[in-house]
Structure formats: C-alpha cells, structure tokens
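Biologist: Please show me the model and then take my questions one at a time.

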Amino acid sequence: MPIRLLDPRTVARIAAGEVVERPTSAVKELLENALDAGARRIEIEIRGGGAGLIRVADDGCGIPADELPLAFTRHATSKIVTFDDLSRLETLGFRGEALASIAAVADVEVTSAISGAFAGSRLTLRAGHQEKIVPAARACGTTISVTHLFKEVPARLKFLKSDATETGHIVNTVSNYAMAYPGIKFRLSVDGREILSTPGSGQLRDVAAEVLGGGIAARMIEAAAAEGSFTVGGLFSPPDVSRANRSGMFFFVNRRWVRNSMLSRAVEEAYRGLLTVGRYPVAVVNLVLPPSDIDINIHPAKTEIKFREDGTVFNFVRRTVRDALLGGSPVPAIEAQQTPAAGEPVAIYRPGVFRPSPSADDFFTRARALSSESGPIFSQTLPALRPLGQLAGCYILAEGPDGLYIIDQHAAHERIMYEKVLAERANRSPSSQALLEPQNVELSSAEAGRYPVLTPVLSDCGFVTEAFGGRNILIRAIPHALSGGDWRTALHEFLNSPESVSRGEERLAELIACHSAVRAGKTLSIDEIRGLLLDLEKAKVPNTCPHGRPTLLKLDSAALERHFKRA
C-alpha cells in the first residue's frame, strides 16, 4: 500500500483510544476539567457502568459561548501556550485532547455559563460533528453529558467488562480525586443511587471516612513534614490495620493521583519491622514539590510520572512516615469487659491503639506548620519494668506501673540487637570478633555472584572477609553480636537473598539479630532479664521485632481488679 494521510475521523478515533480506554477514563478527564475550572462542588452521575451515561456538573468558571466549539478541537487548551509552560504546569489537564477524544467516540452535550452572563449556552456533538449552539438556562459552571460511549468504536465496546466492574473503576477514580481535594464537595450517583458524598470540609480524615470507612479513618495516623521545596502529608494506618495487597495505598503528587512504584516502596519501607511480611498498610500520601521537579507528560492518561530526584523523594517520604509510626508505637493489652448477658467480666484482647492526631486539616496548608513543631507528633515509650521471672522458658514476666507485661524473650532480644547493629553502622564503629583461625566458606554460584557487590555491607557490619579463589572466601572476623551465634547461617542467608542487594544494611542487621538473639527455651537469670528489659526500654521500636511480630503484651491492672472484683 502507498503511504497516505489518514482521514481526520480515523485520526480522531485512534487518538481517542489512547486517552479514553474505558468509561472511567472519560470521568477522569471531565473531573480534571472541573477542578481546573475552580469548582467547589462537583456532581457525577453514571448509568450502565458509564457506557450509557456520564454526566459531570460543576460550579466552576464556565466556558464562554464563542469558545465552546474550540474546546472540542484537538490540541486546543487554555492551560499552556508554549512547550516551556510544561515545566511550570500547575493544572491537571494541559494537552487539549480530552474533550475532542471523548466526542470522537460518543455523543456529547455541554451546557455552560460564565459569571455575569445573562444566559448559558448548549452545544451538542454527535460522533464528533458539532451542531448549532443554542441558549440554555444554567448558573455559572459547566455540565457535560456523555452518552453511547464507544458507539463509534464497537470493538472497544466489546472489551468492556460488566457494568459492576466498570462502575467500580469509576468509584475508585472519583474517590481518588475526593481525597486529593478534601475542600471540594463530591457527589457520585450510580443508576440513581448515591454512592459517594464528601462534605468538602477541607479535612482529609472526613474524606477518608467516606472512602475507607469511619473506623479505619478514625485510627489513622497523621504525618506531615517539609524539607526545602518538598512537602509531604497524609494519613497512615496503624500496624494492626493492614491489607493483603496494595489496594489501600493512594498517592497524590501536586494533587494529581498517580501510580508510582518508588512511592509505594518508600511507604512499605517505613512500615518494615512493624507489619508482618506479605501485609500492606492503608495510606493516603500527598506530596507537593515544584512542577519543574517532575515529568507528568510520559503517559497519555497522565497517571504515571517521573521524579528528577528519585532518591531524595524516597528518603523524605520514608523518613516522614517512619517517624510518625515510631513516635506512637503502642503496646497491645488484655482488658476486662462486662458481658451484657451474665454481667461477668471477660478477657478482651486489644491491639495497641495509636492516638489520632488532634486535627487533620488539608495537608497542603498544614504540613509546613507541623514540620516546625518540636518533637514527634506522637510520643509513647515503654515504662520502667521490674523483672518477676520467666514463663515456659520463652516469656519474661515483668511488672509495670499499669499492669503485668509478658515479653517474648527472643523477639525482644532481636529488636535490641537489630537496633544495636544499625547504630554501630551509623556511627561507623562496627564491633568485630576476630576468629582464632580464618574460616574457609564455600559459596553457591548465586552467593558468589552477589559477594563482590555486598562486600562493603559485610565490612560495615563487622565481617572481615577476603576472596580465596573460585567460590571460596576467608572469614577472618565476624560481628561481635554473632560471637556466640550462628554466623555461618547468617552469612549464607544474606548472600543468598536477592533482597540483600536492595536493602543490604537492614537485611544483614535483621539476620545478625535473628541469629544472635537469645532463643526460646533458654533459662535466664534475673540479672539477665533485668539487662534485657533495660535495653528494650531504650529501643526506638520496643513493641515489634524486626520482622513485625509483637514483642510484648500487657495485662492491664484495671482488668485484673475487675476480674477479681476489686473494682
């Protein structure tokens, strides 16, 4: 076939396929236009999973009648003038393709009015062809109705999922923007039934209660900080509230909902040692930084972005979330509760409860104020504990001012040793124990491949090693903590784990702690118990081991008194 220009209708449909993948794509584009127009109230109505009807009404600035036809022309936009404007962009939309793409694959009717106008105007488009503009009654703002989506591209229509599935995607999209803009009222109705309604109070916790549930939102921890030109704020679930996947993690960069694996890793790293492996937190993360530090033009739907300084952003987010979590690490407790039927007290297990922050205002105005406050937002440490003895060779019993504490001796000692190793590494003073004779260790092929990369980490944590030909290495010294432990197993596990390459120091610290900690079943003297408790009281995260398992449980004094009918 000879080379030829495609006809405009085909070009429009191909372009629409990149921007409008499914009904929720159209909802997203219309929401962004409403937000860019300065709307304070946005109402969304859908029918038939969005393929039948999508209607978005806002109270924004509106579109003048003479600009309505231009709004549906490809690459017509009010957001930018030159290419250089992209580096200073503060709006959600900018390409000028959204309305033209939607009109290419659906029937569209738009009614809009500007402030001070005597009346509004209505424009109807059928399969991209514009009809005559007519006057219409409308308060300031815009209403856009999209019907018969994909009627011009039946192949795309066949690939849509069920109405319930498509509706679910739309609910997620609207929920995302509601959390990004807590000061705006969002209302979503599906087939005549209200699904979502936010108050527009400006408080993220209010929107989180609507989207995630009131019980979770009430317990979420506020974190906020500012560093240079970066600001981060958000709500984060306590460690006992988690999910089996990442569906509860939401990320917004300059109020734009994005997918970004680096931000996901930053939050997951902040929870490391607090959540069990395979569990993920519920988190709403708002990150603000100069537009010139991000590239939002790498994806047609603008849901993926690139950061100019990935490492800086990663460390900033991880540190902010981690500080908030560590500042309020609580102790799980057993309390007594009256049963309605018999009136007898029964033992009830209560996970440790993080105290919610006093307010949850829009983080875009509060983050810098919070970052200037002295000390962490939360503060709770272990009280002084008096050792009582040992139970089953596994648990330490200790008396505190508010009850009886039961401590898992292995998990607690793991936490102590883990923080000790990391502290020595931070101070560049790892303590080593020289071996009487160098020990030859044969590595597997995978271990030998990682050894050259991980040698500096081994050295920084107290191992003194050298290559000895082939897949053999000589061990001349080991970390002092492992002098009575299984250093060979710790070494092999470290070199055999792909995870060690990405998080070497923390991974090696975990293994040193695990293989040096006192084992379950070992009898401890009172002096040994006392020393362990003193060290645990000094730990930054005394309530979990490095793997996220709890280290202790409290039996509340008040619960004991109620149980024995002293209260």
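The questions below go from the whole chain to single residues.

Modeller: This is a predicted model, in which local features need pLDDT of at least 70, side-chain atom pairs count only at pLDDT 80 or more, and totals for chains, interfaces and linings use all residues. Residues are numbered from 1 along each chain as its sequence is written, and side-chain values use heavy atoms, with hydrogens and water left out.

Biologist: What percentage of the residues in the chain is buried?

Modeller: Buried means under 20% relative accessible area, exposed over 50%, and partly exposed in between (1.4 Å probe, protein chains only). The chain has 567 residues. The buried share of them is 48%.

Biologist: How many helices and strands are there in the chain?

Modeller: Both are DSSP runs numbered from the N terminus, helices being H or I with at least four residues and strands E with at least two. The chain has 18 helices and 25 strands.

Biologist: Which helix gives the largest share of the largest nonpolar core?

Modeller: A nonpolar core is a set of buried Ala, Val, Leu, Ile, Met, Phe, Trp, Tyr and Cys residues joined through side-chain atoms within 4.5 Å. The largest one holds 58 residues, and Ile 42, Ile 44, Phe 72, Val 146, Val 174 and Phe 186 touch the most other members. Its largest share, seven residues, comes from helix α6 (residues 163-180).

Biologist: Which strand pairs with β2 over six bridges, with Ile 144 opposite Val 56?

Modeller: Two strands pair if DSSP finds at least two bridges between them. Strand β2 (residues 53-58) is joined to β1 (residues 41-47) by six antiparallel bridges, and Glu 43 stands opposite Ala 57 there. Val 56 of β2 faces Ile 144, and the strand that pairs with β2 in the antiparallel sense over six bridges, spanning residues 141-147, is β7.

Biologist: Which residue in the turn of the β1 and β2 hairpin has a positive phi?

Modeller: Five residues lie between the two strands of the hairpin. The phi in question is about 60°, and the residue is Gly 48.

Biologist: Why do the buried residues of α14 line one face of the helix?

Modeller: In α14 (residues 487-496) the buried residues are Trp 487, Ala 490, Leu 491, Phe 494 and Leu 495. The arc is taken from the directions between the helix axis and the C-beta atoms. Seen down the axis, these residues line one face because they fall within an arc of 120°.

Biologist: Which are the edge strands of the open sheet that contains β24?

Modeller: The sheet has three strands in the order β22-β24-β23, with antiparallel pairing. Seven bridges join β22 to β24, and Val 441 has Ile 473 in β24 as its bridge partner. Each edge strand pairs on one side only, and the two are β22 and β23 (464-467).

Biologist: At about what angle does α13 run to β23?

Modeller: Axes are lines fitted to C-alpha atoms, for helices over the stretch in contact (heavy atoms within 4.5 Å), and angles run from 0 to 180 degrees between N-to-C directions. Helix α13 lies across β22, β23 and β24. Its angle to β23 is about 125°.

Biologist: Is Thr 465 buried or exposed?

Modeller: Thr 465 lies in strand β23 and touches Tyr 451, Thr 455, Leu 474 and Ile 475, not counting residues up to four places away in sequence. At 19% relative accessibility, Thr 465 counts as buried.
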